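Biologist: I am new to this structure and would like to understand the reasons behind the words used for it. Could we go through them slowly, with each term set against its definition?

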Amino acid sequence: IYIGELDELLHKIRDVRVAICNTIMTAHLVVALEERAIPAVWVLHEWWPKEMLVDELTQRNDRNTTPEVVARALATCRLTVCVCAAQRDLYAPASAAVTFVGVPSPAAGWRVGALPPERRPLTLLSLGIVCPRKNQHWAIEVFRQFVGARTDVRLLVVGARYTRSYEIEYVKKVEAAAEGDPRIEIHPVTTDVDQYYRQSDALLFTSINEVTPMV
């Protein structure tokens with residue numbers, strides 16, 4: 001595994017035949033690879049029309065990707081992979097394939113230590129990166145209004161991440177909304193989402209906008 005800038009990597013590895021670029025934020029790399037006659041397979045996840053693209057990239061302090069760079073990449077990429085037909089229609093790449101996103105059913109059986117439904121509180125789940133777009137603080141506010149003084153209900157908020165500054169700030173906002181309520185659990189990001197699906201009776205999906213969600 002080599003990590004570094006594109007020119008540095010291509011200097012180290014002289015026989016690159018194809019590159020896989022992941023997310024719309026690698027559009028500049030798609031363009032740079034094509035200029036070097038290296039074909040790219042570009043996997044898109046986002047659903048960002050031009051105005052939203054600018055807003056999302058500004059939040060991420062991404063100065064490499066602009067609507068113009070994205071348009072050039074869409075026009076020149078050898079194969080752009082979309083996760084649904086509607087996303088393909090939105091971006092209209094010159095060469096496209098659709099690989100549909102799906103989530104397998106959770107594995108059968110209960111995780112060790114997990115309580116079966118009849119022995120645990122009614123459990124609601126809010127699953128996804130904790131960030132303003134996914135609106136978890138509102139999920140907590142609505143949950144607390146809904147349950148009142150009940151003690152037989154709980155809310156699992158899964159996806160707290162401490163990478164970007166706006167995510168860290170929003171996690172604090174979510175924690176403040178919970179006000180230490182013992183019925184609300186806030187968990188970090190995980191690769192084992194099945195354990196939370198198996199514990200849950202209902203999914204709260206409170207996003208302000210979504211791309212092509214896997215939840």
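Modeller: Let us begin with the elements: helices (H or I, at least four residues) and strands (E, at least two) are DSSP runs, and they are numbered from the N terminus. In those terms Val98 lies in strand β4. The model is a predicted one, in which local features need pLDDT of at least 70 and side-chain atom pairs count only at pLDDT 80 or more, while totals for chains, interfaces and linings use all residues. Residues are numbered from 1 along each chain as its sequence is written, and side-chain values use heavy atoms, with hydrogens and water left out.

Biologist: Why is Val98 called partly exposed?

Modeller: Buried means under 20% relative accessible area, exposed means over 50%, and partly exposed is what lies in between, with a 1.4 Å probe and protein chains only. Val98 has a relative accessible area of 23%, so it is partly exposed.

Biologist: What does Val98 touch, leaving out residues up to four places away in sequence?

Modeller: Contact means heavy atoms within 4.5 Å, and by that rule Val98 touches Cys82, Val83, Cys84, Ala85 and Arg88. As for its spacing from Thr80, which is 18 residues apart from it along the chain, the C-alpha atoms of the two are separated by 8.5 Å.

Biologist: How do you know whether Gln87 is buried or exposed?

Modeller: Gln87 belongs to helix α5, residues 85-91, and its relative accessible area is 0%, so it counts as buried. With residues up to four places away in sequence left out, Gln87 touches Leu44, His45, Glu46, Trp47 and Cys82.

Biologist: Which backbone atom of Glu46 lies 2.7 Å from a polar atom of the Gln87 side chain, and what makes that a polar contact?

Modeller: The atom is the backbone oxygen of Glu46. A polar contact is a pair of N or O atoms within 3.5 Å; within protein, one must be able to donate a hydrogen and the other to accept it, and residues adjacent in sequence count only if both atoms are side-chain atoms. The distance of 2.7 Å falls within 3.5 Å, so the pair with Glu46 meets the distance limit. The backbone nitrogen of Val83 also lies 2.9 Å from a polar atom of the Gln87 side chain.

Biologist: What makes the pair Arg78 and Glu34 a salt bridge?

Modeller: A salt bridge is a side-chain nitrogen of Lys or Arg within 4 Å of a carboxyl oxygen of Asp or Glu. The side chains of Arg78 and Glu34 come to 3.0 Å, N to O, so the pair qualifies. It links distant parts of the chain, 44 residues apart: Arg78 is in the loop between α4 (67-76) and β3 (79-82), and Glu34 is in helix α2 (residues 27-35). Arg78, at 41%, is partly exposed, and Glu34, at 26%, is partly exposed as well.

Biologist: How do you know that Arg120 and Asp201 form a salt bridge, and where do they lie?

Modeller: Their closest N and O atoms are 2.8 Å apart, which is within 4 Å, so the definition is met. Arg120 lies in the loop between β4 (96-98) and β5 (122-127) and Asp201 in the loop between α8 (194-199) and β8 (202-203), so the pair ties together parts that are 81 residues apart in sequence. Arg120 is buried, with a relative accessible area of 9%, whereas Asp201, at 40%, is partly exposed. By the salt-bridge rule the count comes to 14.

Biologist: Why is α2 called oblique to α4?

Modeller: Two packed helices are described by the angle between their axes and the distance between the axes. Axes are lines fitted to C-alpha atoms, for helices over the stretch in contact, and angles run from 0 to 180 degrees between N-to-C directions. Angles under 35 degrees count as roughly parallel, over 145 as roughly antiparallel, 65 to 115 as roughly perpendicular and the rest as oblique. α2 and α4 pack at an angle of about 50°, with their axes 8 Å apart, and that makes α2 oblique to α4. The residues making the contact include Val30 and Val31 of α2 and Val69 and Val70 of α4.
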